[in-house]
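Subject: Structure handover

Hello,

Here is the structure you were going to look at, followed by my notes on what I found in it.

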Amino acid sequence: MADSPPHVFAYLTQPEVRFLDAAMDRLIPADELGPGARAAGVTCYIDRALGSVCGTHGRNYRSGPWHDGTPQQGYQSRLTPQELYRAAIREIDAHCAQHYGKAFAFLTPEHQAEVLKGLEHDRMEHEVVGAQVIF
């Protein structure tokens with residue numbers, strides 16, 4: 001396969017790209033069956049979705065009132081996907097800096113796995129985005 005030109009990110013900042021690349025390496029690593037998420041371009045895909053009308057909820061009703069939804073109602077948040085990703089990455093990186101002294105992307109694979117397990121089991125403090133929305 002020929003080398004493709006580097007992706008110019010439409011929405012994500014470099015720290016956010018580093019976070020997602022590192023998280024994708026942990027969640028969907030390459031194995032004998034194929035490439036991992038990073039090699040498959042998942043971060044690029046997420047960036048393109050966030051930079052589109054999907055990322056801004058451009059076609060969704062966004063005025064209140066804001067009541068808690070049921071699990072059967074699907075995604076229920078006043079945050080757009082853009083806002084959700086940015087806030088979640090910021091909160092996770094702040095948690096990592098407080099507990100490990102550096103952002104998620106720069107942690108050891110073991111510490112990254114520990115952080116992701118903490119998120120999965122809702123063992124992390126959140127101001128804006130709860131683990132149930134991330135996972």
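A residue is called buried here when its relative accessible area is under 20%, and exposed when that area is over 50%, with partly exposed in between. Please keep in mind that this is a predicted model.

By that cut-off, the buried residues of helix 1 are Glu16, Val17, Phe19, Leu20, Asp21, Ala22, Ala23 and Met24. Helix 2 (42–50), helix 3 (81–100) and helix 4 (109–120) are among the elements that cover them. Helix 1 itself covers residues 14–27. Its 14 residues should span 20 Å at 1.5 Å a residue, and the C-alpha atoms at its ends are 20 Å apart, so the expected and modelled lengths agree.

The overall picture

The protein has 5 helices and 0 strands, so the order from the N terminus reads α-α-α-α-α. The C-alpha trace spans about 50 × 35 × 30 Å along its principal axes. Of the 135 residues, 32% count as buried. The accessible surface comes to about 9,100 Å², and carbon and sulfur atoms account for 53% of it. Taking contacts between residues at least 6 apart in sequence, 56% join residues at least 24 apart. The protein has 12 positive and 17 negative charges, and the mean positions of the two sets are 5 Å apart.

The cores

In soluble globular proteins, nonpolar side chains tend to be buried together. The largest nonpolar core in this model has 18 residues, and Phe19, Ile92, Phe104 and Val115 touch the most other members. Helix 1, helix 2, helix 3 and helix 4 each supply at least two residues of this core. Helix 1 gives the most, with 5 residues. Apart from this core lies another, of 5 residues, which include Leu79, Leu84, Ala87 and Val129.

Phe104 is worth a look on screen. Leaving out residues up to four places away in sequence, Phe104 touches Phe19, Ala22, Ala23, Asp93, Cys96, Gln112, Val115 and Leu116. Of these partners, Phe19, Ala22 and Ala23 are on the list of buried residues of helix 1.

Three single residues

Leu20 is in helix 1. Leu20 counts as buried because its relative accessible area is 4%. Neighbours within four places in sequence aside, Leu20 is in contact with Leu12, Thr43, Ile46, Tyr85 and Ile89. Arg78, by contrast, is 58 residues away from Leu20 in sequence and 23 Å away in space, C-alpha to C-alpha.

Asp47 sits in helix 2. Is Asp47 buried or exposed? Asp47 has 0% relative accessibility, so this residue counts as buried. With neighbours within four places in sequence left aside, the contacts of Asp47 are His7, Val8, Phe9, Ala10, Tyr11 and Leu12. Glu127 is 80 residues from Asp47 in sequence, and their C-alpha atoms are 24 Å apart.

Asp122 lies in the loop between helix 4 and helix 5 (131–134). Its phi is near 55°, a positive value in a residue other than glycine. Asp122 counts as partly exposed because its relative accessibility is 45%.

Regards

Definitions and conventions
Residues are numbered from 1 along each chain as its sequence is written. This is a predicted model: local features need pLDDT of at least 70, side-chain atom pairs count only at pLDDT 80 or more; totals for chains, interfaces and linings use all residues. Side-chain values use heavy atoms; hydrogens and water are left out. Helices (H or I, at least four residues) and strands (E, at least two) are DSSP runs, numbered from the N terminus. Buried means under 20% relative accessible area, exposed over 50%, partly exposed in between (1.4 Å probe, protein chains only). Contact means heavy atoms within 4.5 Å. Accessible areas come from the Shrake-Rupley method with a 1.4 Å probe; for residues, only the protein chains shown count as cover. Lys and Arg count as positive and Asp and Glu as negative; His and the chain ends are not counted. The place of a charge is taken as NZ of Lys, CZ of Arg, CG of Asp or CD of Glu. The expected span of a helix is 1.5 Å times one less than its number of residues. A nonpolar core is a set of buried Ala, Val, Leu, Ile, Met, Phe, Trp, Tyr and Cys residues joined through side-chain atoms within 4.5 Å.
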